[in-house]
Amino acid sequence: MNEEKTIGNYKLKHLIGKGSISSVYLATDSNEQEIALKVMRESPFIENRVLEHILENAEVAIKMPAHPKITHILEFGKSDDAYFIAMTLIRGPGTLENLISQKYFDINSALLLSLDIAEALSHAHNSNIVHGDLKPGNVLINENNEAILNDFGSVTSGPSNSLKFGQSLIGTPKYMSPEQAKGMYISQSSDIYSFGVLLYEMLTYELPYRLDPGTNIQKMIKLITESTPIPPREFNKMISRDLSTLLLKLLAKDDEAKFETILQVSRELKLMIEQVDNTGPDSSNMWSKFKNLF
C-alpha cells in the first residue's frame, strides 16, 4: 500500500490476509494500537445483504465473553462503501492452513492444537454461539504455538439457516456439515462435524471423501451429504484405532451416533493425548521448522 488509507477510525498499514469475500489489514486505531481490520465491499459477486448479515453476526459475536483462544471483535461498522470488523491482532507464524499445506504435523501436535480449537468452540457454544465457518484458514497460530479461533463473521446465536451469496453457500463447502451443505438449520452439531473434517485433515492431509480436481459445488454437496467417510487409517497407519473411531464419530451423519457436545470431544481428545506414544517426531522441532517457513 503506497499511501496511508483510513477506514472508520483505523489507518491501514498493509495487507496481511485475503479471503473469498474480504481482505484483512494490519491497521492502527486512534491510540496507535495495532489491530487486524477485516474489510469487505459489495461487488457483482457479493450482495449488500450478505455484508449486512455478516455485520449482524459480528454484533452477536462481540457480546461473547473473552476467551484466550478466540480473537476478540473490537468494533464493526460501515465507512463509505467499506464494511469492516476490527479485531485483536494475533502475532504468530501463520494459520493452520499453512501448517497443513507444509505437512508439519505429528499426531501429538495435531491433537494438542485441536484441543485448543475444541476448547474455544466449547466457550462459544456455552455462550449460545455457533461459529458456522470452521476451517484451517480461520485458525491462527500465535507466538506460543497455540491455536486461536478466528473469524466469527458467520456466527449465529441458536439455530440458523445457511445464507447464500451468488450461487455459493456462505461458509467453505468442503468443511460444511451435511445439514449446512443442504442449506438447512445449523447448530452446535454443525460445528462439531466441521471440527471433525479439520482434525481429519490435520492427521491425514486428506479430506474424508474423495474429491476429483475441479469437483463442482453440487457434486461436493452430494459427497458431503451421502458418502461414507474414508477410514483415516487408509491415509495414516500411525492413527490408532481409538483415534480413528473418534474421527468417524465426529463425522457421523446419524444423530444417535454423534457427539452431543464439543465438551465431550475435548474430554476424548485429552484421553487420546495421554495415550499418544511420544517416541514419534519431536513436536518442538516441528514448530521450529514451521516458523522458519515465514
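The exercises below, each with a worked solution, concern helix packing, cores and two serines in a predicted model.

**Exercise 1. Overall make-up**

State how many helices and strands the chain has, and what share of its residues is buried.

Solution. The secondary structure comes to 9 helices and 15 strands. The chain has 294 residues, and buried residues make up 53% of them. As for contact range, take the contacts between residues at least 6 apart in sequence: 63% of these join residues at least 24 apart.

**Exercise 2. Helices α3 and α5**

Classify the packing of α3 against α5 by angle and handedness, then describe the residues in contact.

Solution. Two packed helices are described by the angle between their axes and the distance between the axes.

Step 1: Helix α3 spans residues 107-126, and helix α5 spans residues 188-204. Their axes come within 10 Å and cross at roughly 165 degrees.

Step 2: Angles over 145 degrees count as roughly antiparallel, so α3 is roughly antiparallel to α5. The crossing is right-handed.

Step 3: On the α3 side, the contact is made by I107, A110, L113, S114, I117, A118, L121 and H125; on the α5 side, by Q188, D191, F195, L198, L199, M202 and L203. Sorted by class, the contact of α3 with α5 has 11 nonpolar, 3 polar and 1 charged residues.

**Exercise 3. Helices α5 and α7**

Classify the packing of α5 against α7 in the same manner.

Solution. Step 1: Helix α7 covers residues 241-250, and its axis comes within 8 Å of the α5 axis, with a crossing angle of roughly 140 degrees.

Step 2: An angle between 115 and 145 degrees falls in the oblique class, and α5 and α7 are therefore oblique to each other. Their crossing is left-handed.

Step 3: From α5, the residues I192, Y193, F195, G196, L199, Y200 and L203 meet L243, L246, L247 and L250 of α7. The residues of this contact divide into 10 nonpolar, 1 polar and no charged.

**Exercise 4. The nonpolar cores**

Identify the residues that touch the most other members of the largest nonpolar core, and the helix that gives this core its largest share.

Solution. Step 1: The largest nonpolar core has 70 residues, and those touching the most other members are L96, F195, L199, M202 and L269. Helix α3 gives the largest share of this core, 10 residues.

Step 2: Take F195 as an example. Leaving aside neighbours within four places in sequence, F195 is in contact with S114, I117, A118, L121, L134, L250, I262, V265 and L269.

Step 3: Another core, of 11 residues, lies apart from the largest one; Y10, Y25, A82 and F84 are among its members.

**Exercise 5. Two serines**

Decide whether S244 and S79 are buried or exposed, and list their contacts beyond four places in sequence.

Solution. Step 1: S244 lies in helix α7. Its relative accessibility is 8%, so S244 counts as buried, the cut-off being under 20%. Not counting residues up to four places away in sequence, S244 touches P232, R233 and I239.

Step 2: S79 is found in strand β5, residues 73-79. With a relative accessible area of 18%, S79 is buried. Under the same exclusion of residues up to four places away in sequence, S79 touches I7, G8 and F84.

Step 3: S79 and N9 are 70 residues apart in sequence, while their C-alpha atoms are 9.3 Å apart in space.

How values were computed: Residues numbered from 1 in each chain as written. Predicted model: local features only at pLDDT ≥ 70, side-chain atom pairs only at ≥ 80, totals over all residues. Heavy atoms only, no water. Axes fitted to C-alpha atoms, helices over the stretch in contact; angles between N-to-C directions. Helix = DSSP H or I, 4+ residues; strand = E, 2+ residues; numbered from the N terminus. Parallel < 35°, antiparallel > 145°, perpendicular 65-115°, else oblique. Left-handed = near helix turned anticlockwise from the far one by under 90°. Contact = heavy atoms within 4.5 Å. Nonpolar A, V, L, I, M, F, W, Y, C, P; charged D, E, K, R; others polar. Core = buried A, V, L, I, M, F, W, Y, C linked by side-chain atoms within 4.5 Å. Buried < 20%, exposed > 50% of the residue type's maximum accessible area, 1.4 Å probe, protein only.
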